[in-house]
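Please open the structure in a viewer, with the sequence alongside. The stops below are arranged so that each selection leads to the next.

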Amino acid sequence: MQSISVESPHSQKNRATPPSQKKCKLQFDYSPSADGIDFNLLILFHGLGDSKGPFASLGTKLKLPQTATLAVQAPEPVPYLEGSFQWFPSFDFLTGEMLTSAHPERFKGLVRTRKLVAELLRHLVDDCGFEPTRIFLFGFSQGGTVALDQVLFGDIRNLGGVISISGYLLEEQHHEKKIENGYGGYILVTQGEKDRTIGNRATAEKKVNGY
């Protein structure tokens with residue numbers, strides 16, 4: 001089973017080149033590894049209505065060996081909620097209700113975000129020196145949707161792995177065709193038994209098995 005790699009400090013360049021905000025449209029907070037060896041990279045995606053700050057703090061508190069962390073902020077502000085962000089349109093402007101799969105802007109917004117995340121990943125690989133197989137994605141709720149979407153439909157096909165906490169692909173994505181042979185890495189999806197957004201265990205399993 002694939003896992004985060006740890007190697008001797010003498011077998012690699014210790015520090016990766018820090019990512020440049022000028023190279024990407026998405027806002028992010030980057031923290032090098034506490035042990036001085038940026039061999040792996042963990043990218044964190046927050047949930048609906050949150051921001052990058054709490055996840056940047058989480059990344060540094062994990063203190064994963066030889067692992068830099070990067071917390072990314074969703075590109076769209078949540079209407080009428082200062083300091084809150086969303087990865088794709090989530091609310092009806094008139095009613096305030098959550099958008100459903102019947103609303104085309106939801107999927108269009110996810111595709112826009114897919115391209116922005118791909119731009120960031122390409123910068124991390126081409127300019128910062130991180131190997132795709134040593135980049136891992138961690139997403140919560142709507143951020144989990146973005147993380148799963150990126151490994152399955154993004155431009156870089158060999159990312160190291162993805163963890164999604166209470167996040168699933170959108171129902172609208174059933175029509176998307178698998179790219180090449182699909183994603184060959186490892187995916188972990190978890191969900192609480194009392195999650196009102198996702199539903200019960202049977203509902204969750206149906207969502208996962210549908211892809």
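Select Ser141 first, in a model that is predicted. Ser141 sits in the loop that joins strand E6 (135-140) to helix H3 (142-153). Its phi is near 55 degrees, a positive value in a residue other than glycine. Ser141 is partly exposed, because its relative accessibility is 24%.

Move next to Ser166, in the loop between strand E7 (161-165) and strand E8 (186-190). Ser166 also has a positive phi, of about 55 degrees, although it is not a glycine. Is Ser166 buried or exposed? With a relative accessibility of 13%, Ser166 counts as buried.

**The sheet**

Now display the strands as a cartoon. In what order do the six strands of the open sheet lie? The order is E1-E3-E2-E6-E7-E8, and the pairing is mixed. At the edges are strand E1 (28-31) and E8, each of which pairs on one side only. From one strand to the next, the twist averages 15 degrees. As a general point, strands of a sheet pair through backbone hydrogen bonds, either parallel or antiparallel.

Zoom in on E7 and E8, which pair in the parallel sense over five bridges. To find one point of this pairing, select Ser164 together with Val189 of E8, its bridge partner.

Add helix H2 (residues 104-126), which packs on the sheet. Helix H2 touches E1, strand E2 (40-45), strand E3 (67-72) and E6. The direction of H2 makes about 165 degrees with that of E2. Then add H3, which lies across E2, E6, E7 and E8. H3 runs at about 145 degrees to E6.

**The cysteines**

Select Cys24 and Cys128 and show their sulfur atoms. How many disulfides does a search of the whole structure find? The search finds zero. For Cys24, the nearest cysteine sulfur is that of Cys128, 7.7 Å away, and Cys24 is in no disulfide. A disulfide would require the two sulfur atoms to be within 2.5 Å. Cys24 has a relative accessible area of 8% and is therefore buried. Cys128 is likewise in no disulfide, its nearest cysteine sulfur being that of Cys24. Cys128 is buried as well, with a relative accessible area of 4%.

**The salt bridges**

Turn now to the charged side chains. In general, side chains of opposite charge can pair when their charged atoms come close. The count for this structure comes to 11 salt bridges, and the stops that follow visit some of them.

Begin with Asp38 and Arg15, which form a salt bridge whose closest N and O atoms are 3.0 Å apart. Asp38 belongs to the loop between E1 and E2, and Arg15 to the segment before E1, so this pair ties together parts that are 23 residues apart in sequence. Asp38 is buried at 6% relative accessibility, whereas Arg15 is partly exposed at 37%.

Next select Lys25 and Glu119, a salt bridge in which the closest N and O atoms are 3.0 Å apart. Which parts of the structure does this pair tie together? Lys25 lies in the segment before E1 and Glu119 lies in helix H2, so the parts joined are 94 residues apart in sequence. Lys25 is exposed, with a relative accessible area of 60%, while Glu119 counts as partly exposed at 26% relative accessibility.

Continue to Lys52 and Asp29, where the closest N and O atoms of the salt bridge are 3.1 Å apart. Lys52 is in helix H1 (residues 52-62) and Asp29 is in strand E1, so the pair ties together parts that are 23 residues apart in sequence. Lys52 is buried, with a relative accessible area of 17%; Asp29, at 28%, is partly exposed. Asp29 also leads back to the sheet, where E1 is an edge strand.

For the last stop, select Arg106, Glu171 and Glu172 together. These three residues are linked in a network of salt bridges.

How values were computed
Residues are numbered from 1 along each chain as its sequence is written. This is a predicted model: local features need pLDDT of at least 70, side-chain atom pairs count only at pLDDT 80 or more; totals for chains, interfaces and linings use all residues. Side-chain values use heavy atoms; hydrogens and water are left out. Helices (H or I, at least four residues) and strands (E, at least two) are DSSP runs, numbered from the N terminus. Buried means under 20% relative accessible area, exposed over 50%, partly exposed in between (1.4 Å probe, protein chains only). Two strands pair if DSSP finds at least two bridges between them. Axes are lines fitted to C-alpha atoms, for helices over the stretch in contact, and angles run from 0 to 180 degrees between N-to-C directions. Contact means heavy atoms within 4.5 Å. A salt bridge is a side-chain nitrogen of Lys or Arg within 4 Å of a carboxyl oxygen of Asp or Glu.
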